[in-house]
Amino acid sequence: MSANSQQVGFFIELRKRLKSGLLIVGKDVAGSPPEVRVTGGDSSLHIHTPRGLLHLALPAGVSHEQGTCMQTAGFGESCDKELHFRLRINVEQSADEEALDGVMERLGVKESYCFYCQGCKTRLLEERVFKRVLPLPNGNWNAIVDDWCCHPDPFANKKLLPRAEDCLLGDTFLLLARDGSCEQTLVEETSPVGAEDGQDPKKPCRRLELLSCKSCSSLLGEAVAPGAVKLYITQIVVEASMGYSKVEAALNRSLFLEQTIAARLLALSSTMSTFHFSIQTPDEKAFLLLWLLNTDSIMASVPEGAVSDDGPAPPSHSPDLHSPSHSAARALKLLYVVCSDTGLMQKDIVRNWEVNVIGHPLVLPLKVCEELLRVVEDSNSSLPASLRCMRSYEVAYLRL
């Protein structure tokens with residue numbers, strides 16, 4: 001559990017498929033159960049307490065069913081500090097899940113795109129038009145070639161590389177042909193990966209040709225071959241070409257990373273029917289295990305300090321992932337375990353996932369893995385104490 005855990009004033013999770021919701025109000029805010037009253041309007045929710053009134057905006061087509069908010073028994077060791085309520089919601093038929101707007105879904109053929117560094121918004125690749133946008137085989141496809149090939153592996157010791165006007169889509173990266181503009185915007189350096197750690201002396205130390213942004217030195221990807229580059233989707237922004245305008249810095253780094261990873265988890269869980277993911281570093285070491293629980297959640301968490309007699313105070317700084325908010329957002333609910341956790345139960349979980357090959361591997365640079373861990377830990381610390389753990393896992397939400 002994060003050391004920065006905070007007292008929650010309001011927490012709400014709505015489930016679109018179940019048309020129900022859970023509301024948790026801190027007792028310091030709520031007073032007694034009869035003093036908590038919930039009303040609603042068009043795509044809005046109003047929570048009345050002795051400490052103030054919270055106005056919460058909901059996604060279009062979602063509204064509270066009046067008169068359905070009822071107190072329910074709390075759970076966990078912290079239930080004496082929280083009041084739990086259940087309520088019903090209405091979801092209009094037209095309010096389907098919004099289409100994903102991730103980089104993978106945005107790319108198409110015969111369209112012109114520009115690629116930017118997400119860190120400094122410098123334009124990296126100019127006016128790319130693709131004749132083919134193709135998905136790469138995912139996960140451990142090499143390991144099962146023998147099962148579906150009746151002749152020797154035709155892909156042995158061969159890399160799948162893009163042609164001049166190809167864009168190949170991996171789970172967490174894009175493969176593009178290298179052109180002259182790369183020399184002006186990218187810096188290449190060699191870095192060892194999988195250095196000797198005493199556990200497997202026979203395993204050679206691989207070397208990666210890392211690519212960084214020439215302007216801000218942010219790691220962007222790898223040079224996988226002399227004529228091809230791998231760019232991680234967590235490190236770049238892809239926009240349709242619009243003259244020479246510079247991409248807007250609309251999202252801070254933490255929110256961009258969260259939404260990018262959430263979109264990929266949602267897409268992969270839908271296309272592959274898998275809900276277990278192993279976040280790995282380029283040396284194939286598991287860093288973080290994610291177990292996707294809900295994909296239809298709408299949630300908001302407001303700290304107790306943001307609730308006053310005059311209603312929730314506006315944030316004193318630009319809102320980010322889990323700062324006080326007056327809007328509920330679509331989110332993925334997940335369980336996670338940090339692979340470096342020294343707890344006995346956590347070690348057993350990591351060992352079980354590894355032995356049974358449970359998690360679909362998603363490879364990210366080590367620094368990005370560490371950033372993602374901070375995101376889920378921040379989410380965990382923003383939850384009511386009764387919701388932060390589930391057995392030996394910790395709970396987090398990733399906003400879409």
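Helices and strands here are DSSP runs, numbered from the N terminus. With that in hand, let's walk through this predicted model.

**Stop 1: the loop at Arg178.** Select arginine 178, which sits in the loop between strand E13 (173-177) and helix H4 (180-185). Show its side chain together with that of glutamate 188: a polar contact of 3.1 Å joins the two. Now bring up what else arginine 178 touches beyond four places in sequence, including Arg128, Glu183, Leu211, Pro226 and Val229.

**Stop 2: the largest nonpolar core.** This one has 34 residues. Pick Leu265, Ile279, Leu288, Leu290, Leu334, Tyr336 and Leu398, the members with the most contacts inside the core. Then center on leucine 334: leaving out neighbours within four places in sequence, it is in contact with Leu265, Leu290, Trp291, Leu292 and Leu293, and also with Glu394, Val395, Ala396 and Leu398. There's a second, separate core too, with 25 residues; Met104, Leu107, Leu125 and Cys182 are among them.

**Stop 3: color by confidence.** The protein averages a pLDDT of 84, and 80% of the residues score at least 70. Which elements mark the two ends of the range? Strand E26 (residues 393-399) has the highest mean pLDDT, 97, while strand E22 (residues 311-312) has the lowest, 44. Next, select residues 195-199: pLDDT is below 50 there, and the stretch has three contacts beyond near neighbours in sequence. Residues 310-325 also stay under 50, yet the model gives them 31 contacts beyond four places in sequence. Where pLDDT is low, don't read the predicted coordinates in detail.

Notes:
Residues are numbered from 1 along each chain as its sequence is written. Side-chain values use heavy atoms; hydrogens and water are left out. pLDDT is the predictor's confidence in each residue, from 0 to 100. Helices (H or I, at least four residues) and strands (E, at least two) are DSSP runs, numbered from the N terminus. Contact means heavy atoms within 4.5 Å. A nonpolar core is a set of buried Ala, Val, Leu, Ile, Met, Phe, Trp, Tyr and Cys residues joined through side-chain atoms within 4.5 Å. Buried means under 20% relative accessible area, exposed over 50%, partly exposed in between (1.4 Å probe, protein chains only). A polar contact is a pair of N or O atoms within 3.5 Å; within protein, one must be able to donate a hydrogen and the other to accept it, and residues adjacent in sequence count only if both atoms are side-chain atoms.
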